[in-house]
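Visitor: Could you take me through a sheet and a couple of unusual backbone spots in this one?
Guide: Gladly; here is the entry to look at.

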Amino acid sequence: MTTARVLAIVLVLAGCADGSAWQRAEPDSNPICSSATVVAALDTALMEVSGIARDPRRSDLFWLHNDSGNDPILFAVDSTGRLLGSAPISRAAARDVEDLAIGRCGETWCAYVGDIGDNLAAHSSITVQRVEIPPLDALGGPSTVRLEPLEPLDTWKLVFPDGPRDAEGLVFDDLRGEIGIISKGREDEVVLYGASLSELESGSEVAQALTRVGRLPVEIGSHSSQLVTGADLSADRNWLALRSYASLHFIPWHGALDQDTTAEVLTVSLLGALEPQGEGVTWSADGEVLWLASEGRGGRPPQLSRIRCPASSR
């Protein structure tokens, strides 16, 4: 990858998190993505949507959740934005759930739900819970269904080694058996933390320390529009996608505990989607499209968007 492959950011932000506007424009000599486009408004039950993850069993199905102040529920949405069903999580940690990831767990598929948000960096620990996602045949009807409550299979209390952090990005690498958590960037750096699944599974109920892998080369600058709000791994586990309110970053992935933190970052604008407050990101099965979820804000509904980013361009 050369610097010619880095798509320069065009940030003309009219609705970012703190309401201000700014612009940075550079030549676009080799775009790697098409412009982000809106797919549909989401159901108002998802006004505070924060995380989205594609269901590996069905390419047009996604699981989403809201963040702080909402009940712990996973919502099933299809690629048209239609709400298919909802499943509450029993005994859930739900202080500020900011992201989820889906991956293999034995013979089935599980969601790893991250109660990892901490706006004021005031909490001594965070929580990740593992739940088996509902069966597909429960979502076959024409109307929205309320699914049976999900019982957490595991609950892990985790501690950042360098003190409390606000984080909104969580990934699960089922090929390497690792969980990665990416800080939001409030300390002027975006940091990757990792944990081995085997160590988590064999650990005690006492909080376990994450490993600080290192600072990722994602620029935050002086504007909150570049704070990281979501993360996902491509299906082949070769690419990490990070999103902010205004941009999408691609980073070659080597594993949560072995990541090359100097790897070149490819960055594109998400402003074409005109999101009220972009929070979630997930890859399509073929790695050609990124799906985006946004909270509702200022009288606008939450929305589902997409951006096409062919693998041949990365």
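Guide: We will go through the sheet and then two residues in loops.
Guide: This is a predicted model, in which local features need pLDDT of at least 70 and side-chain atom pairs count only at pLDDT 80 or more, while totals for chains, interfaces and linings use all residues. Residues are numbered from 1 along each chain as its sequence is written, and side-chain values use heavy atoms, with hydrogens and water left out.

Visitor: What's the strand order in the open sheet of five strands?
Guide: The order is E6-E7-E8-E10-E14, with mixed pairing; strands are DSSP runs of E, at least two residues, numbered from the N terminus, and two of them pair if DSSP finds at least two bridges between them.

Visitor: And which strands stand at the edges?
Guide: Those are E6 (99–105) and E14 (208–209), each with a single partner strand, so one side of each has no neighbour in the sheet.

Visitor: How do E8 and E10 pair, parallel or antiparallel?
Guide: Strand E8 (residues 126–132) and strand E10 (residues 154–159) are antiparallel, over five bridges, and Thr 127 has Lys 157 in E10 as its bridge partner.

Visitor: Switching topic: which residue sits in the loop between E7 and E8 with a positive phi?
Guide: That is Ala 121, whose phi is about 50 degrees although it is not a glycine, and its loop runs between strand E7 (108–115) and E8.

Visitor: Is Ala 121 buried, exposed or partly exposed?
Guide: Ala 121 counts as partly exposed, at 31% relative accessibility (buried means under 20% relative accessible area, exposed over 50%, partly exposed in between, with a 1.4 Å probe and protein chains only).

Visitor: What about Arg 237?
Guide: Arg 237, also not a glycine, has a positive phi near 60 degrees; it lies in the loop between strand E16 (228–233) and strand E17 (239–244), and it counts as buried at 8% relative accessibility.

How values were computed
Helix = DSSP H or I, 4+ residues; strand = E, 2+ residues; numbered from the N terminus.
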